[in-house]
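Okay, thanks for coming, everyone. I'll put the structure up and then walk you through a few parts of it.

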Amino acid sequence: MEVTYRNKQNETLIIYGETVASMMRKKDLKNKQILFCGNQRYYDLYAEKLRQFIPKSSTHEWFITPNNRYCNTMENFQELISFLDRFSRQKETIFMGIGNEGVIELLGFTHHVANFQAELCFLPVSLRSFAQSLSFVDQIVSDKTLMTVMEIEEAPKSILFDHTLADQQKTGKMVDLLTLIRCGIVCDYPFLQSLYVNFPTREALLQHSFSAFSETLINYYQENSQQLRRFGKTFEKAFFQTENGSLLSNSMKTMFGLLFELAWNVTASDLHFNFKNFMIWLVRLGFPIMMPEGISLADYGQQVIALAQEKPLTGLVQVGEVGMNKIPTQKELLRTFEVYQKIVTEIRGE
């Protein structure tokens with residue numbers, strides 16, 4: 001399917017429901033120079049397959065990044081800018097990003113600031129990188145703390161999304177589900193309820209395709225991309241500033257960031273939401289809900305507050321509806337963590 005996606009004052013062409021092969025065959029790649037920017041993992045998986053679609057009249061190069069989520073670092077950005085020196089400014093150029101959210105942000109940012117006329121195209125490999133490509137916001141982060149250094153808005157000319165790439169993942173599919181859960185929390189409570197019904201167990205999650213959610217994700221991001229992009233992000237980034245935050249993988253930081261921001265909203269604003277049942281569902285799906293003992297929640301809460309003072313959080317009026325900007329207080333966060341730990345203890349004892 002093809003759809004013209006409009007976000008803010010920009011628009012892009014989204015093609016989905018097809019394989020990468022069929023989409024690449026339709027793309028005019030004659031007499032072009034092509035830059036593929038991708039994670040090492042996706043270079044290993046797809047470099048040979050993609051090469052067969054490059055006409056003899058064209059050339060292509062790969063810029064390979066690490067596999068981690070935050071590969072959109074200042075160091076990688078500087079290396080990519082230097083890498084562009086091998087490309088002619090006179091020949092038609094296509095920038096193609098294939099990989100995770102970090103690749104999408106790195107290439108989008110580079111396309112925006114580089115003195116280079118090129119067509120920007122994204123090939124996201126997961127629901128979460130598809131969501132990132134829909135946000136039209138790209139950041140470069142610091143190499144050590146991963147805090148935002150620079151941020152721009154940039155719309156790709158096209159996004160080619162092959163959902164079968166996302167369906168092949170296992171652990172990645174669980175993180176993708178968090179992208180859909182975030183949509184339910186921020187935009188549509190009945191949608192969150194439908195996820196609970198459709199994916200009651202880990203087996204159901206791994207067996208079913210996410211293909212039916214492509215259009216849903218497009219619609220939610222078209223209306224609420226800023227709120228969706230931000231929800232959970234401050235709580236996630238605070239782990240990078242907290243001692244022993246490295247005990248959590250990047251995916252676990254994402255999950256706990258989403259969990260704790262939801263828990264804070266429910267607790268501080270006394271929202272009508274059964275958080276315990278929500279947690280029980282996550283446990284059935286295989287998500288780890290226990291925080292490592294080496295992480296001080298008091299210290300973590302201070303980092304959340306410090307970050308929120310720079311960029312206030314969008315509070316929930318109710319689950320599925322955002323309201324006014326808020327900054328958590330120390331008292332609210334302590335209460336949130338107490339409630340969270342109590343629920344974890346109860347679930348483990350049942």
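Before I point at anything: when I say helix, I mean a DSSP run of H or I with at least four residues, and helices are numbered from the N terminus. With that in hand, look at Arg-229, which sits in helix 10, residues 214–230. And please keep in mind that this is a predicted model.

So what does Arg-229 touch, once we leave aside its neighbours within four places in sequence? The list is Glu-105, Gln-132, Ser-135, Val-137, Gln-139 and Glu-151. Let's take Glu-105 from that list: its side chain and the side chain of Arg-229 make a polar contact, at 3.3 Å. Gln-168 is another matter: it is 61 residues from Arg-229 in sequence, and the two C-alpha atoms are 24 Å apart in space.

Now over to the sheet. We have seven strands in an open sheet, and the pairing is mixed. If you want to trace it on screen, the order goes 1-2-9-6-5-3-4. At the edges you'll find strand 1, residues 2–7, and strand 4, residues 59–65, each of them pairing on one side only. From one strand to the next, the twist averages 20°.

Let me zoom in on one pair. Strand 5, residues 93–99, runs parallel to strand 6, residues 119–124, and six bridges join them. To get your bearings there, find Ile-94, which stands opposite Glu-119 of strand 6. Helix 4, residues 101–113, packs on the sheet and touches strands 3, 4, 5 and 6. Its direction makes about 160° with that of strand 5. Helix 2, residues 40–51, lies across strand 3, strand 4 and strand 5, and runs at about 165° to strand 4.

Last stop: the second largest pocket. How much space lies in it? About 220 Å³. And which helix gives the most to its lining? That's helix 8, with five residues. Helix 8 covers 189–198, and both it and helix 13, at 275–285, supply at least two lining residues each. Among the residues you can click on are Tyr-189, Leu-192, Tyr-196, Phe-278 and Trp-281. Gln-193, Asn-274 and Asn-277 are in the lining too. By type, the lining comes out as seven nonpolar and three polar residues, with no charged ones.

That's my tour; over to you.

Terms used. Residues are numbered from 1 along each chain as its sequence is written. This is a predicted model: local features need pLDDT of at least 70, side-chain atom pairs count only at pLDDT 80 or more; totals for chains, interfaces and linings use all residues. Side-chain values use heavy atoms; hydrogens and water are left out. Two strands pair if DSSP finds at least two bridges between them. Axes are lines fitted to C-alpha atoms, for helices over the stretch in contact, and angles run from 0 to 180 degrees between N-to-C directions. Contact means heavy atoms within 4.5 Å. On a 1 Å grid over the protein atoms alone, a cavity is a set of points where a 1.4 Å probe fits but cannot get out, and a pocket is an open set with protein on both sides within 12 Å along at least five of seven lines; lining residues have an atom within 4 Å of a point. Grid points are joined across faces, edges and corners, and a volume is the space filled by probe spheres set on the points. Ala, Val, Leu, Ile, Met, Phe, Trp, Tyr, Cys and Pro count as nonpolar, Asp, Glu, Lys and Arg as charged, and the others, Gly among them, as polar. A polar contact is a pair of N or O atoms within 3.5 Å; within protein, one must be able to donate a hydrogen and the other to accept it, and residues adjacent in sequence count only if both atoms are side-chain atoms.
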